[in-house]
Structures are given as C-alpha cells and as structure tokens.
Amino acid sequence: KILIGGKIDFYQGKKVGNLIRINSDYSLDENFTFNVDPKLEIRDAKFQNNGNIIVLVDNPTALAPDHYALYQLDLNGKIIGSVTDLIMAKSIAIQDDDKILVTGGDIGAYGSTSCYLHRYNSDFSIDQTFKNDLAFNASTTAVAVSNNGIYVSGAFTSVSDVAKNSL
C-alpha cells in the first residue's frame, strides 16, 4: 500500500481528501479515511513503529499562527491525537522510540524571536526530558534522525547562542 498526501481533490475520478492510501494495483483503498478540513494540505507524513501515521498539515488560507498542525492517525486514518499550536512548522522526524521531532518557526512572525525544535512523546505530550527551548537564530528547514543523533538544517548560524553552521 502507498500513502499519498499533498493537495489532492480527485483520484481516478473520485472526490478524495488530501491524504489517501492506494493498493498495490493503484486502486483507492476505501478503508483509509482521514476526515479533516479539506483546506488542510499535507506537508509531511511519517510512520511510527506501531504503524500509526504522523502527519504535518498546513492551512494556507488561515491567518493565524496555529495554521499548522500535527495529527497522529491509526492505520485507517482515524485521528488519535493532535497538536495544533505549531508556528510555521517545516519538518517532522520520528525517533526509534517513536518520539516525534518538529522544527519550524519564523522570526518576527506572531512575536517569535527564534525558530524551534520540539520533541513530543508518542502520546503527543511534550517531552519534558528534551531541551524544547533551543533557539535557532534563523530559519530551520528540516529535521532528521540517525544513529548518531538529531540533525536540523536551515539558515541559522547559532543555536541558543552557540555558533553552528546551518546543520
């Protein structure tokens, strides 16, 4: 099966939402339904070890700081949890322990003085063991996880006043 997200209106002549799942024969998987506002565009999607799907969405028509949201879905697209207070979220990554990393922000937008990297537990509560107050002095564009650690890319030159070279 293949998960497809973005700005999707129709698939094979059928009206669909912005996140669909297709079968190996490219037919629409009718068992998968992600029912949210059709204005929400899918920006990123990742799988947790238990098969749950983490989806980053954007409502480009909203004029509020929280027009980005993170959803946790079960295998059939049912919403299990959500985080709706993200500002200008750009990228997500899933760690081996199913913790969720989100990076984004826009300096000056909605009073922001820095860009961010946040980590959530698999139940979408903020991870209190992580330094969620890291302050990037310019934009972040992506977050990735490897055996060696967490990597954030962007246009920043410092993180919490420590010189860094955009990675």
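Strands β5 and β6 (residues 53-58) run antiparallel and are joined by six bridges; strands here are DSSP runs of E with at least two residues, numbered from the N terminus, and two strands pair if DSSP finds at least two bridges between them. Within that pairing, Ile42 has Val57 of β6 as its bridge partner. Keep in mind that this is a predicted model, where local features need pLDDT of at least 70 and side-chain atom pairs count only at pLDDT 80 or more, while totals for chains, interfaces and linings use all residues. Residues are numbered from 1 along each chain as its sequence is written, and side-chain values use heavy atoms, with hydrogens and water left out.

**The four-stranded sheet**

- β5 and β6 belong to an open sheet of four strands in the order β5-β6-β7-β8, with antiparallel pairing.
- The edges are β5 (41-47) and β8 (79-86): each has a single partner strand, so one side of each is left without a neighbour in the sheet.
- On average, neighbouring strands of this sheet are turned by 20° against each other, direction ignored; the strand axes behind that angle are lines fitted to C-alpha atoms.
- Moving inward, β6 and β7 pair in the antiparallel sense over six bridges, and Ile53 stands opposite Leu73 in β7.
- β7 and β8 also run antiparallel, joined by five bridges, with Leu73 opposite Ile79 in β8.
- The hairpin of β7 and β8 has five residues between the strands, and Gly77 takes a positive phi near 95° there.

**Covered strands**

- Six of the six residues of β7 (residues 68-73) are buried, so this strand is largely enclosed by the rest of the structure. Buried means under 20% relative accessible area, exposed means over 50%, and partly exposed is in between (1.4 Å probe, protein chains only).
- Both faces of β7 are covered, with Tyr68, Leu70 and Gln72 buried on one side and Ala69, Tyr71 and Leu73 buried on the other.
- β11 is mostly covered too, as four of its five residues are buried.
- Five bridges join β11 to β10, and the two run antiparallel; Leu101 stands opposite Arg119 in β11.

**Salt bridges**

- Side chains of opposite charge can pair when their charged atoms come close.
- The structure holds eleven salt bridges, each being a side-chain nitrogen of Lys or Arg within 4 Å of a carboxyl oxygen of Asp or Glu.
- One of them joins the side chains of Lys14 and Glu30 at 3.0 Å, N to O. This pair links distant parts of the chain, 16 residues apart: Lys14 sits in strand β3 (residues 14-15) and Glu30 in the loop between β4 (19-22) and β5.
- Lys14 counts as partly exposed because its relative accessibility is 38%, and Glu30 counts as exposed because its value is 52%.
- Lys46 and Asp44 meet through their side chains in a salt bridge, also listed at 3.0 Å, N to O. Lys46 is partly exposed, with a relative accessible area of 29%, whereas Asp44 counts as buried at 15% relative accessibility.
- Another salt bridge brings together the side chains of Lys99 and Asp127 (3.0 Å, N to O). Lys99 lies in the loop between β9 (89-94) and β10 (100-104) and Asp127 in the loop between β11 (116-120) and β12 (140-146), so the pair ties together parts that are 28 residues apart in sequence.
- Both ends of that bridge are covered: Lys99 is buried with a relative accessible area of 19%, and Asp127 is buried with 2%.
- Lys1, Arg21 and Asp29 are joined into one network by salt bridges that share partners.

**Around Asn23**

- Asn23 is found in the loop between β4 and β5, and counts as buried because its relative accessibility is 18%.
- Leaving out residues up to four places away in sequence, Asn23 touches Lys1, Leu28 and Asp29 (contact means heavy atoms within 4.5 Å).

**A nonpolar surface patch**

- Ile2, Ile4 and Tyr26 form a nonpolar patch on the surface, with about 260 Å² of accessible area together.
- Patches are made of residues with over 30% relative accessible area and no salt bridge, with like charges joined within 9 Å and nonpolar side chains (Val, Leu, Ile, Met, Phe, Trp, Tyr) within 5 Å. The areas come from the Shrake-Rupley method with a 1.4 Å probe, and for residues only the protein chains shown count as cover.
- Ile2 is found in strand β1 (residues 2-5) and counts as partly exposed because its relative accessibility is 38%.

Key. Axes fitted to C-alpha atoms, helices over the stretch in contact; angles between N-to-C directions.
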